[in-house]
Amino acid sequence: KKPNVERDVTINKSEFKAAVVRHLHCTLGTDENKANNHAWWKATCSAMQEQVLEGIRKTQKTHYLNDTRAVHYFSAEFLMGRLLSNNLQNFGLFDVANDALNELGVSLSDVLEEEPDMALGNGGLGRLAACFIDSLATMELPAIGYGIHYEHGLFRQEIQGGAQIERPDSWRDYGNPWEICRPESIQEVSLYGYVETKYGENGRIQKEWHPGHIVKGIPWDIPVVGYGGKTVNVLRLWQSKSSGYFNWDVFNAGGYVDAQVENVQAETISKVLYPNDETEAGKELRLIQQYFFCACSLKDIIRRYKRAHGDDWSRFIDQVVIQLNDTHPAIAIPELMRILVDRAELDWDQAWGICTKVFAYTNHTLLPEALERWPARMLEKILPRHLEIIYEINHRFMKEVDKKWPGDNAVKARLSIIEEGNEKMVRMGHLSVIGSFAVNGVAELHSRLVKQNLFPEFDALWPGKLTNVTNGITPRRWLKACNPALSKLIDKKVGADWPLELKKLEGLEKYAGNKTFQKQFMQVKQQNKQLLAAEIKESLGFDVDTNAIFDVQIKRLHEYKRQHLALLHIMALYRRLLENPDYDMHPRVFIFGAKAAPGYKLAKDIIYAINKVADKINNDARVNQKLKVAFLPNYRVSLAEKMIPAADVSEQISTAGKEASGTGNMKLALNGAVTIGTLDGANIEIAEEVGDDNIFIFGLTVDEVNELKASGYKPYDYYYKNPEIKAVLDWLETDYFTPGKPGALASIKQSLLDHGDQYLVLADYEAYSKAQEEVDKAYRDKERWAKMAIINTAKMGKFTSDRSIRDYVERIWKLNACPVRKG
Ligand code: 26Q
């Protein structure tokens with residue numbers, strides 16, 4: 001069966017070949033004999049780009065003619081990964097390109113490897129944005145992504161002597177064939193300066209911001225090709241440039257502008273992505289980045305709106321909805337108020353009415369250290385008018401609070417946008433909730449905790465505003481493209497349109513017990529494991545046994561994600577094997593990928609420890625037939641695409657209540673990995689889908705975590721009670737893993753014992769270790785395991801990002817699809 005998508009693009013093999021060769025000659029100035037794989041890659045991209053640009057033109061024309069309502073997805077991060085293979089797939093040209101290049105004596109898979117990842121994001125939040133714009137284009141929804149054109153994306157990770165070293169990422173150094181510069185849409189953005197208060201004729205107070213600095217924003221458009229190749233939306237990323245404007249009057253007046261700050265050169269604004277996920281950094285440049293892309297994007301939206309509707313603001317809320325991906329773009333709320341009140345001269349209530357019908361906000365975290373707060377003083381310096389507007393928003397909001405809870409100052413203090421204290425801080429989460437018409441968490445449990453713990457009074461004040469939209473992933477990239485062997489097998493059983501209707505995978509369930517299908521399914525897994533084993537050999541230089549269980553933990557390194565819980569267990573297995581060479585376990589390879597924020601000491605220590613323990617185990621002939629550890633450096637989207645199809649076991653072991661959703665959990669299960677995990681984030685919903693028999697759930701629940709903490713958690717109790725815990729923690733302090741450097745791994749032990757083990761690693765250790773024994777037992781029963789793996793794939797339909805987008809569209813955005821046709 002062919003997918004039921006009518007493809008618009010018709011280019012055959014010989015035409016494709018001709019286009020590639022033409023670009024080799026005319027775009028790259030080389031020829032077939034001289035070209036290396038990089039040149040072939042660029043020429044292939046350029047050949048594709050002809051199709052893509054045609055798609056953009058048609059899509060934009062269609063949206064314009066239909067005067068469509070559109071969603072504007074504001075995100076400081078878009079973790080796109082590679083685009084060529086995705087664009088070929090979505091245009092249905094993968095096989096055409098493959099054959100064309102083959103005839104030119106070139107291997108498409110080698111060419112695909114030439115593409116640098118577009119790593120303009122840290123992890124989950126940035127990748128979610130990328131999956132969402134894929135779904136939006138696929139579902140033919142009018143949408144645009146807005147973000148920052150970072151010159152350097154997330155750092156490249158090297159491992160030297162076991163430790164993480166950060167190197168600059170240079171994804172654009174040799175040119176990016178996908179991006180299109182749009183100089184006709186350059187915008188200007190103001191910074192610094194002071195606010196002048198004027199009194200108009202009608203007695204109306206007028207505010208005028210005299211900026212100290214103006215920077216230019218240059219838009220670069222990245223095509224977003226929907227599956228089927230009909231709608232091609234764009235991701236618009238802003239690059240900063242100096243405008244040459246510098247207000248010397250403001251500077252000379254003194255006091256308003258700090259001379260030192262003027263040194264924030266315009267070009268530095270979009271230089272580099274901040275690598276601190278889940279921590280609030282409070283850096284001035286970060287705030288400027290946020291404002292810069294929000295201001296450019298709002299101007300862009302308003303320019304487009306005015307082209308169709310002139311100065312009539314009455315239809316703005318019908319045409320525009322803006323989704324804020326976390327609070328990073330929350331400054332857009334006072335910016336829109338400023339435009340409406342100061343520039344368009346609407347009165348406050350009218351302007352606020354518009355704002356609160358345009359913005360919706362997605363929360364991605366409950367961790368207190370990740371909730372953005374900006375010093376009022378910093379806002380005052382960089383965005384003086386915005387701080388005034390925030391105070392006004394807050395003032396009016398406090399009156400509303402007083403109506404609901406008269407005289408209750410405690411509730412006012414909790415709900416105020418302004419946190420009083422040593423230093424006044426602006427709470428961006430509060431601003432986002434107050435300025436939006438909808439607020440969502442990213443998994444059922446997380447959304448419940450957002451309502452109950454993070455914003456309980458907001459929920460009481462505005463019932464229904466806080467809601468859930470469970471995350472999802474695009475099955476085009478995360479199954480069809482990254483796992484072609486499994487995709488073809490699935491096609492044969494359930495038809496080829498599952499990438500658009502992921503629930504169709506349920507059709508696999510009836511084969512879960514079928515021996516032939518089990519064999520085929522596990523054969524594909526075996527092939528994928530061989531491919532990953534080759535990658536491990538190439539990257540780390542050692543062999544792994546593909547009959548071993550491939551146990552995969554891939555995600556940013558953070559204490560709450562508990563890579564160190566996995567590490568303690570690995571050390572315990574090692575110890576059991578040393579104590580008893582006949583210790584009965586199926587061979588296992590533990591495979592990690594993780595970057596640590598450069599300033600996060602303990603996270604880096606954990607990476608170092610994993611690598612040191614790996615060195616020892618991998619070179620210990622007494623155990624390395626049964627146990628290996630592979631830490632693959634520089635985890636990124638393109639590496640994930642190789643690891644995920646090869647995983648038998650998916651590690652999702654965060655402390656309950658801490659992982660908002662997780663999305664790697666969905667990708668791994670979709671590819672037939674079985675989860676070992678806590679009742680956290682989307683794991684709970686995954687368990688609901690696959691059933692308790694097809695997942696290994698262990699550990700404390702959210703309620704138990706809270707009870708244990710309330711009753712006074714004492715990690716030393718576990719240390720003294722469980723000899724294995726004691727042994728492995730003490731082992732960390734010796735120089736066994738770090739010869740000549742005793743104590744090099746001691747910080748981990750310290751954090752777990754002396755610093756209170758905030759994330760309850762020791763409390764969950766025993767349950768984890770038992771669950772791992774269950775995993776071992778289950779794997780040895782080949783049929784049982786195959787069945788579990790198949791059911792995991794079969795039951796992932798819920799987690800397509802198309803479903804997430806449908807939820808947003810129906811419950812929040814109220815958008816209509818706009819089919820793009822030929823011509
Ligand atoms: C904050 C301040 C300064 C610099 C950077 C940051 C920053 C950057 C990125 C803070 C947070 C992030 C990213 C957070 C993130 O990825 N959260 C994850 O979002 C996923 C998608 O919803 C969830 O699945 C994960 O559970 C959540 O951890």
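Helix α6 (residues 124-138) gives the most to the shell around the ligand, contributing three residues; helices here are DSSP runs of H or I with at least four residues, and strands are runs of E with at least two, numbered from the N terminus. This is a predicted model, in which local features need pLDDT of at least 70 and side-chain atom pairs count only at pLDDT 80 or more, while totals for chains, interfaces and linings use all residues. Residues are numbered from 1 along each chain as its sequence is written.

**Ligand shell**

- Of the 23 residues around the ligand (C-beta atom, placed from the backbone, within 6 Å of it), G124, L125, Y274, A660 and S661 come nearest.
- The ligand lies between domain 1 (66-82 + 117-159 + 174-470 + 806-813) and domain 2 (475-799), because both give residues to the shell around it; the domain bounds come from an automatic or database domain assignment.

**Open sheet**

- Six strands form an open sheet with parallel pairing in the order β22-β21-β20-β23-β24-β25, where two strands pair if DSSP finds at least two bridges between them.
- The edge strands, β22 (627-631) and β25 (696-697), each pair on one side only.
- Strand β24 (residues 674-677) runs parallel to β25 and is joined to it by two bridges, and the bridge partner of G677 in β25 is I697.

**Residue T655**

- T655 sits in the loop between β23 (649-652) and α24 (664-670), and its C-alpha atom is separated by 11 Å from that of F698, 43 residues apart along the chain.
- T655 counts as buried because it has 24 C-beta neighbours inside 10 Å, the cut-offs being 20 or more other C-beta atoms within 10 Å for buried, 12 or fewer for exposed, and partly exposed in between, with C-beta atoms placed from the backbone.
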